[in-house]
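I opened a fresh notebook page for this one. Here is what I looked up, in the order I went through it.

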2 protein chains.
Amino acid sequence: MTEVTAVVEDTHLIETTVSSAVMAQGKMLTVRYDEARLPNGRVSSREYVTHPGAVAIVALTQSGEVVLERQFRYPLKQVFIELPAGKIDAGEPVLTTGQRELLEETGYTAKTWVKLGIQHPCIGYSNEVIHMYLATELSLGAHARDVDEAMDVMVWPFARVMQAIEDGEITDSKTMSAMLMAERYLRKHPVAGLAL
Amino acid sequence: MTEVTAVVEDTHLIETTVSSAVMAQGKMLTVRYDEARLPNGRVSSREYVTHPGAVAIVALTQSGEVVLERQFRYPLKQVFIELPAGKIDAGEPVLTTGQRELLEETGYTAKTWVKLGIQHPCIGYSNEVIHMYLATELSLGAHARDVDEAMDVMVWPFARVMQAIEDGEITDSKTMSAMLMAERYLRKHPVAGLAL
């Protein structure tokens, strides 16, 4: 399908930057305020969060279960079931982020890492990109969670995670999208004993 | 699976608000800065975008194709293929938002609307929730796009959309997650002539 991308002329869609400034600088979030020239020639404002990017991991235990976390997410004041994930440190290779976050948060290390692709969680007002990996051949050691990082770690059969998505028990978009990518990959690359 | 949610005690995860203030108020984005008491008793800061919520629509044409948009998304400076979606206006019923956005952006109206669930695109730093609908029995009329809203509208076979996700041609998380929900719903509620 790449030929479609190649032949489509996008000048009727593309916006160009007129000016760009930091609108707000918090301890965690940076928000930019840009002026952009629209395809019709008019100028409009664009506000968005800048983000270093993140990695989310579908980690499969030897018995074919998925490593999950339960975490309180303050913006929604709710506990979410989600995949292990974390931000990319400055200059850090993406795979290293995945390996570091999985170990720090859950104590698992994996022998095999397969890139499943990327997703963009919030294209309207953030430049975040989330890299997705499938990690297999796990070993469990000690986690290294920060003293302020409270979470439960648990493992669920793959099919149960998919059912929890269907049932609305899991609503975190990165987890939904990464599980979809993992399911499609595993259909083509079956793992012995794993029921999708 | 609800029994799991019911028996788990979450006090070791829950954070409570100590203070809350607007950190930045743009034309589009509002960013809040809160102080929160963590389960371990310490106080930490939480920064997040507040959002009115949105609706994303998997609209199936009579021939079983999915209505898609191509849009330039400024934060990533890239054209994305995505489902029709839009923000909920103040006081607007969610279904009305879906019907309004589908008509305004694409010109389609639908006789049948089925709620597929919700997704949370950005639980780390936004309180946005996206309501997902499957819309069928479509009729095509005139769109009502804003003069500054540039996009292409196109229809693709359902299976091609899923393949484009697998291939990394579609990376928008809300579209990936909503297509996953639609696929699982349609497996149980088949539409004549629609190949998943």
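Is the crossing in which H4(A) passes H4(B) left-handed or right-handed? I found it to be left-handed. A reminder to myself: this is a predicted model.

Next I checked the geometry of that pair. Helix H4 of chain A and helix H4 of chain B, each spanning residues 173–188, have axes that come within 8 Å and cross at roughly 65 degrees. I then listed who meets whom: Ser173(A), Lys174(A), Met176(A), Ser177(A) and Leu180(A) face Ser173(B), Lys174(B), Met176(B), Ser177(B) and Leu180(B). Sorted by class, this contact has four nonpolar, four polar and two charged residues.

I turned to the sheet in chain B. It is an open sheet of four strands in the order E7-E4-E9-E8, and the pairing is mixed. Strands E7 (85–87) and E8 (108–119) of chain B each have a single partner strand, so one side of each lacks a neighbour in the sheet. From one strand to the next, the twist averages 25 degrees.

I looked closer at one pairing. E4(B), residues 54–59, runs antiparallel to E7(B), and three bridges join them. Val55(B) has Gly86(B) as its bridge partner in E7(B).

Then I asked what packs on these strands. Helix H2 of chain B (residues 94–106) lies across E4, E7, E8 and E9 of that chain, at about 60 degrees to E4(B). H4(B) also touches E4, E7, E8 and E9 of chain B, and its direction makes about 100 degrees with that of E8(B).

Last, I noted the domains of chain A: the assignment gives domain 1 (2–50) and domain 2 (54–188). Their centres, taken over C-alpha atoms, are 29 Å apart.

Technical notes
Residues are numbered from 1 along each chain as its sequence is written. Chains are lettered from A and ligands numbered from 1 in the order in which they are written. This is a predicted model: local features need pLDDT of at least 70, side-chain atom pairs count only at pLDDT 80 or more; totals for chains, interfaces and linings use all residues. Axes are lines fitted to C-alpha atoms, for helices over the stretch in contact, and angles run from 0 to 180 degrees between N-to-C directions. Helices (H or I, at least four residues) and strands (E, at least two) are DSSP runs, numbered from the N terminus. A crossing is left-handed if the near helix is turned anticlockwise from the far one by less than a right angle, and right-handed if clockwise. Two residues are in contact if their C-beta atoms, placed from the backbone, lie within 7 Å. Ala, Val, Leu, Ile, Met, Phe, Trp, Tyr, Cys and Pro count as nonpolar, Asp, Glu, Lys and Arg as charged, and the others, Gly among them, as polar. Domain bounds come from an automatic or database domain assignment. Two strands pair if DSSP finds at least two bridges between them.
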